[in-house]
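Hello,

Here is the structure I promised to pass on. Please have a look at it first; my notes follow below.

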Amino acid sequence: MADAAAAEGGTDTDGEAATTGTGAAADAAAETGAETDAKSDAETDAAKTDAAEGAAAVSEAQAELAAQRELRERIEQRKAEKAGPIAAGTKLSGQAADLLAAVRAMESGEPVDPALLRTAAPAAAPDRPRAPAQPQPRPPAEQRSARSRAAAPETVSAVRAVLGAGGAPETLAGEVSDTLGEQAPELLRENPWQLLAVPGVRPEQADGFARALLGTACGPGDERRATALVSWLLERAALQGHTALEASAVRSALAGHSVPDPDGAVRHAVEESVVLRFPEDDEDGEDEPDEPDADEPVDASEAMEPAGSQADGAGEGREPAAEPAPVLLALDRYALAEDALADGLARLAKTGQDASWEEAAAGAPSPSAAELIRAVAGHGLVLHSGGEAARAEPVALAVAARALGVRTVVAVHSENGRDRPSADADAVTVAGLLAGTEGPGRDADGLFALDLLVVLDAPQLDVETAAVLVESLADGSRLVLSGDPGVLWSAGAGRVFADLLAAGVCPRISSRTPDPGPIGELVSGIGVGELNQVAAPGKEVVIVPVRDAGEAVHRTVQLVAESVPRAFGTEAGQTQVITVGHGGSAGTRALNAALKQRLNPGPGRFGGFDPGDRVAYVPAPGRTLQGTVVSADAEGLRLECGGAAVLVPKDRVEHAVRHGWALTAHQAAGMRWPAAVVVLPGDAAQGLSRPWVYTAFSRGDHHLSVVHGVDQALPKAVSDIPSQDRTTRLRGQLEALLAPAAQPS
């Protein structure tokens with residue numbers, strides 16, 4: 001690799017320090033509003049701030065399900081009908097109830113009412129079809145903002161009074177009202193631990209609130225407390241990407257929070273339908289008999305020990321007993337999403353062969369593209385993997401399909417992905433397609449009016465988004481999921497693309513088109529666990545050593561403002577800074593403050609922003625829009641994002657808008673820029689992993705500067721720290737529904 005002097009013709013360039021030490025999973029959690037276990041004051045600050053962002057971005061489905069769970073009569077109704085067919089709308093509400101009813105009908109072999117797979121239209125427009133699981137054809141940010149404004153003033157006032165009586169910050173009143181709904185005051189008085197449903201609230205805070213309201217009537221073993229903790233643990237796990245947790249892990253965590261009977265707490269949570277248990281073979285919610293006693297410490301390795309393994313060891317030459325599948329617990333929103341997604345993918349996989357594609361395959365621009373076209377001609381569900389250059393292959397597929405008269409849509413993760421040279425000229429974003437603001441619209445049944453959907457950046461699909469997307473495809477449609485399996489997974493729960501690859505239930509086309517140049521060579525090595533030196537005669541890759549965070553910030557500003565523009569003839573706005581976390585002395589906050597002072601100084605008269613500021617707007621967890629501040633008025637902050645005018649309401653600005661010269665790797669996933677500056681100060685070492693490095697280093701098309709202060713932690717992360725695993729159910733469901741398919745390579 002070239003040294004620092006090479007980039008500047010003898011002058012050092014600057015870089016910035018990455019801060020949190022919580023790892024890639026914690027980085028994802030922070031960006032979606034997670035409250036992570038802080039290992040430093042800087043990380044604590046980042047977690048608190050991002051928890052507030054998550055509170056403002058609670059999804060429509062989560063709030064709806066939480067409110068319904070709090071109604072005791074509906075819980076009892078669900079328990080009473082657990083073993084029988086479930087009619088839509090009797091326990092959950094809206095799309096969740098319809099999906100659950102459809103799943104139960106499929107399991108029992110009964111015909112599925114098509115009406116269960118789509119929701120009714122709004123009262124104001126009864127003739128307008130609506131997509132499955134999409135409450136309204138509006139962007140998620142608008143949905144949440146509308147919901148936030150819908151909180152009745154009297155509800156907020158009553159919640160404020162309850163919070164004050166319990167010694168909790170009254171400023172939480174709006175968030176509590178949005179999360180728990182109109183019955184929030186009564187729910188809090190009846191069960192103060194409902195406060196844990198508000199992102200950012202910790203168990204010890206909820207315990208103090210409960211003691212203030214209930215006095216001696218509460219204790220560590222209170223069933224209300226235990227049940228709320230089970231839900232809280234699973235919500236926390238979802239922010240780290242898990243759609244489910246092993247029951248043994250939940251029990252261990254409950255014991256750590258002083259719950260005297262963790263086993264009974266889990267059983268009660270299942271009986272109350274707060275969580276779902278998998279497998280569901282025990283109707284009484286009892287755990288498997290070989291699990292440890294609730295009064296004894298739970299050892300994870302013992303909990304996973306195969307049943308009967310001691311007896312089987314007595315006889316030599318005997319096959320060891322198969323390890324029983326662990327008992328999993330899941331929140332209903334993620335369980336329903338995985339069930340719907342698995343069924344939908346299995347449905348699409350049954351789409352038959354179409355021989356008319358052969359001529360298109362013969363005229364494909366590359367062998368990999370031809371292979372992909374033939375695979376799609378013969379199968380309804382196809383996976384395609386490769387780097388940035390390989391994106392040309394699914395785009396060639398889309399062009400060929402349109403020439404055949406096939407209604408085709410290419411969807412990308414972000415506006416940045418749509419504008420890249422490798423993108424399809426008519427590409428839409430996944431969010432825009434689902435919202436109905438982009439793409440072909442929907443037919444009379446509320447399904448996408450298309451025959452072939454090609455999704456690029458597929459690793460960024462979380463399980464809920466993927467479920468809605470698949471349920472919106474009609475029978476006989478074809479779906480291609482394309483992406484780079486080496487990048488960080490979705491910010492939301494699940495690992496859809498990785499689970500599909502691991503399940504092996506559909507054809508996978510692995511591109512043979514490598515990414516070009518020194519950056520492509522470097523990233524390819526990282527993908528297989530090797531950090532190699534590469535020749536960079538054109539200063540494509542530059543290493544900038546730093547001693548501390550202050551020097552990292554200084555050199556980053558110098559790189560962005562002077563060195564890279566001078567060396568490559570680009571503007572400062574075409575260089576993206578990427579670091580590990582938001583907080584600390586060299587996180588995104590510190591870097592953005594320094595970059596603003598240099599690139600667009602100003603008093604920050606619009607809530608800390610000035611016209612011309614580069615910003616990152618997060619309309620929904622896991623989705624980042626880059627833009628520029630235009631102005632502000634009584635309605636909110638006005639931005640320009642990808643050529644479109646965007647208004648961020650005043651009550652959303654603090655939580656949804658940051659300065660955007662520096663991003664985390666999770667925010668940058670699915671996007672690319674002409675140049676990237678990756679900042680790795682000493683305190684970033686704990687946050688590094690192979691997928692993090694792979695993602696960050698592959699964000700620059702023509703230039704990569706690495707502000708390097710982690711010494712040997714970087715090669716160690718590449719060679720020894722693969723991605724953190726996520727507990728999901730999707731792979732097992734797919735393997736049960738579909739026999740392994742032959743996979744072209």
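W673 stands opposite G700 in strand 19. Seven bridges join strand 18 (residues 673-680) to strand 19 (residues 700-708), and the two run parallel. Helices (H or I, at least four residues) and strands (E, at least two) are DSSP runs, numbered from the N terminus. Two strands count as paired if DSSP finds at least two bridges between them.

This is a predicted model: local features need pLDDT of at least 70, side-chain atom pairs count only at pLDDT 80 or more, and totals for chains, interfaces and linings use all residues. Residues are numbered from 1 along each chain as its sequence is written, and side-chain values use heavy atoms, with hydrogens and water left out.

Now the whole sheet. It is open, with five parallel strands in the order 10-19-18-11-17. Strand 10 (541-545) and strand 17 (662-664) stand at the edges with a single partner strand each, so one side of each has no neighbour in the sheet. From one strand to the next, the twist averages 25° (axes are lines fitted to C-alpha atoms, for helices over the stretch in contact; angles run from 0 to 180 degrees between N-to-C directions).

Helix 26 (residues 549-568) packs on the sheet. It touches strands 10, 11, 18 and 19, contact meaning heavy atoms within 4.5 Å. Its direction makes about 150° with that of strand 19.

Then helix 24 (residues 496-503). Seven of its eight residues are buried, so it is largely enclosed by the rest of the structure. Buried means under 20% relative accessible area (1.4 Å probe, protein chains only). Among what covers them are helix 17 (332-349) and strand 4 (381-385). Just after helix 24, G504 takes a positive phi of about 65°.

Best wishes

Notes
Buried means under 20% relative accessible area, exposed over 50%, partly exposed in between (1.4 Å probe, protein chains only).
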